[in-house]
Amino acid sequence: MEKERILSGMRPTGRLHLGNYLGALSNWVKLQDRYECFFMIADWHTLTDRTDTKGLKQDIKDVLIDWLCAGLNPEKSTLFVQSHVPEHAELHLLLSMITPIPWLERCPTYKEKLEMGQENNYGLLGYPVLQAADILIYKANKVPVGEDQVAHLELSREIARRFNHLYDHVFPEPAPLLSETVKILGLDGKKKMGKSYDNYISLSEEPRIIEEKTQGMFTDPKKIYLGDPGHPQECNVYSYHQIFGKFLGENLEQIFKDCKEGALACTTCKKNLAHLLINYLAPFRQKRKELEKESLDKILNKGKEIASRLATSTLREVKKAMQML
RNA sequence: AGGUCCGUAGCUCAAGUGGCUAGAGCACCGGACUCCAAAUCCGGCGGUUGCGGGUUCGAGUCCUGCCGGACCUGCCA
């Protein structure tokens with residue numbers, strides 16, 4: 001029986017951080033064996049809010065390197081850059097003709113971005129249509145998404161349905177693949193980890209920087225003096241211990257108890273965490289060092305080839321269905 | 001293409017009819033306080049006022065050209 005197909009993507013934001021890894025990437029790695037996977041670096045999508053394209057190439061490379069460090073395997077999965085397969089754009093154009101604007105205007109992410117003061121450009125409004133094209137051009141059955149992406153995926157399904165109804169049954173409706181992911185808050189303990197909040201730890205972070213950053217983490221505001229009882233269940237540093245502790249065999253119960261009794265100083269607790277993270281990330285740093293020396297064009301070229309073949313074939317079906325061939 | 005308005009610190013905005021060294025909040029950095037961090041209190045950094053000309057003793061402010069942006073009208077893609 002044929003494997004189901006998956007498409008997912010990330011925007012080229014440069015080096016990835018723990019949030020990217022725990023929230024999506026580590027899950028992708030697991031999906032590789034069960035599904036036929038297409039993983040895309042969405043450089044076109046990033047243009048909706050990035051006009052400065054200096055450094056974009058490096059950002060793409062950095063994302064790819066981190067993917068490989070995390071365990072994405074180009075022998076198993078197709079890793080490619082969106083703009084290397086221009087068929088996405090052609091399908092996007094065709095789909096845009098059957099997509100009513102109100103469908104796009106009511107997207108929560110779109111409305112949020114506008115409220116944030118982002119420029120209301122054509123590409124931003126059409127973002128979900130391009131996303132639909134990304135998915136449908138590979139006839140992906142499943143799309144691993146976070147909660148925040150469900151609405152956009154719903155739109156892809158509607159567009160697929162509409163196309164199938166108007167022309168011919170070309171597209172399978174892509175279903176969301178919700179998998180349990182680890183949510184990690186940023187170093188500030190307030191917002192989710194994100195590059196733009198500057199509250200992250202990169203997968204490739206230098207040990208010295210990891211020490212500095214963990215030292216600056218937000219802790220329990222009720223624990224002022226050394227010896228004060230802590231509240232580990234509400235402390236962001238403890239939640240990091242919970243996430244990463246198992247990898248180095250930490251005794252979580254002991255930490256919890258010591259913190260609660262005031263026996264564990266936050267400084268010590270943070271030093272331990274830094275040590276933990278440095279060890280946890282050591283393999284990433286090691287792997288990156290090796291990969292940085294290599295040319296990765298081979299991987300991207302292979303990805304482009306496989307993706308293009310499929311994309312071209314789907315696009316031909318689409319145009320046939322529309323009586324354009 | 002034409003018309004109206006606008007452009008001041010990284011961000012949001014101040015600077016009566018031209019007039020002292022262009023100010024404040026947020027952000028950032030440092031200090032105090034903490035085992036750290038946060039909160040709070042001090043202190044600091046930060047500007048060729050979009051660019052170039054002009055009028056004037058004196059221009060962020062007035063005139064002009066360009067650049068950039070918002071909105072309106074036309075062009076019936």
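Which of the 15 residues around RNA strand B come nearest? They are Gln 215, Lys 223, Ile 224, Leu 226 and Lys 270. Keep in mind that this is a predicted model.

**Around the RNA**

Let's stay with the strand for a moment. By class, the surface near RNA strand B has eight nonpolar, four polar and three charged residues. Helix α12 (residues 266–293) supplies the largest share of that surface, with three residues. On the RNA side, sugar or phosphate accounts for 52% of the strand B atoms within 4 Å of the protein, and bases make up the rest.

Some polar atoms of the protein and strand B can be paired up, as in this table.

| Protein side | RNA strand B side | Distance |
|---|---|---|
| Gly 216, backbone N or O atom | sugar or linking oxygen | 3.2 Å |
| Thr 219, side-chain N or O atom | base nitrogen | 2.9 Å |
| Lys 223, polar backbone atom | base nitrogen | 2.8 Å |

Lys 223 turns up twice here: it belongs to the group of residues that come nearest to strand B, and a polar atom of its backbone sits 2.8 Å from a base nitrogen.

**From α12 to α3**

Helix α12 also packs against another helix. Its axis comes within 9 Å of the axis of α3, and the two cross at roughly 130°. That angle makes α3 oblique to α12, and the crossing is right-handed. From α3, the residues involved are Lys 61, Asp 62, Ile 65, Asp 66, Leu 68, Cys 69 and Ala 70, and they meet Phe 284, Lys 287, Arg 288, Leu 291 and Glu 292 of α12. Sorted by class, this contact has six nonpolar and six charged residues, with no polar ones.

**From α3 to α1**

Helix α3 (residues 56–70) has a further partner in α1 (residues 18–34): these two pack at an angle of about 60°, and their axes are 9 Å apart. So α1 is oblique to α3. The crossing of α1 and α3 is right-handed. On the α1 side the contact is made by Tyr 21, Leu 25, Trp 28 and Val 29, while α3 brings Asp 66, Trp 67 and Ala 70. How many charged residues does the contact of α1 with α3 have? There is one, next to six nonpolar and no polar residues.

Two α3 residues are worth a click in the viewer: Asp 66 and Ala 70 are listed in the contact with α1, and both are also listed in the contact with α12.

Note on methods: Residues are numbered from 1 along each chain as its sequence is written. Chains are lettered from A and ligands numbered from 1 in the order in which they are written. This is a predicted model: local features need pLDDT of at least 70, side-chain atom pairs count only at pLDDT 80 or more; totals for chains, interfaces and linings use all residues. Side-chain values use heavy atoms; hydrogens and water are left out. Axes are lines fitted to C-alpha atoms, for helices over the stretch in contact, and angles run from 0 to 180 degrees between N-to-C directions. Helices (H or I, at least four residues) and strands (E, at least two) are DSSP runs, numbered from the N terminus. Angles under 35 degrees count as roughly parallel, over 145 as roughly antiparallel, 65 to 115 as roughly perpendicular and the rest as oblique. A crossing is left-handed if the near helix is turned anticlockwise from the far one by less than a right angle, and right-handed if clockwise. Contact means heavy atoms within 4.5 Å. Ala, Val, Leu, Ile, Met, Phe, Trp, Tyr, Cys and Pro count as nonpolar, Asp, Glu, Lys and Arg as charged, and the others, Gly among them, as polar. A residue is near a molecule or strand if one of its heavy atoms lies within 4 Å of it. A polar contact is a pair of N or O atoms within 3.5 Å; within protein, one must be able to donate a hydrogen and the other to accept it, and residues adjacent in sequence count only if both atoms are side-chain atoms.
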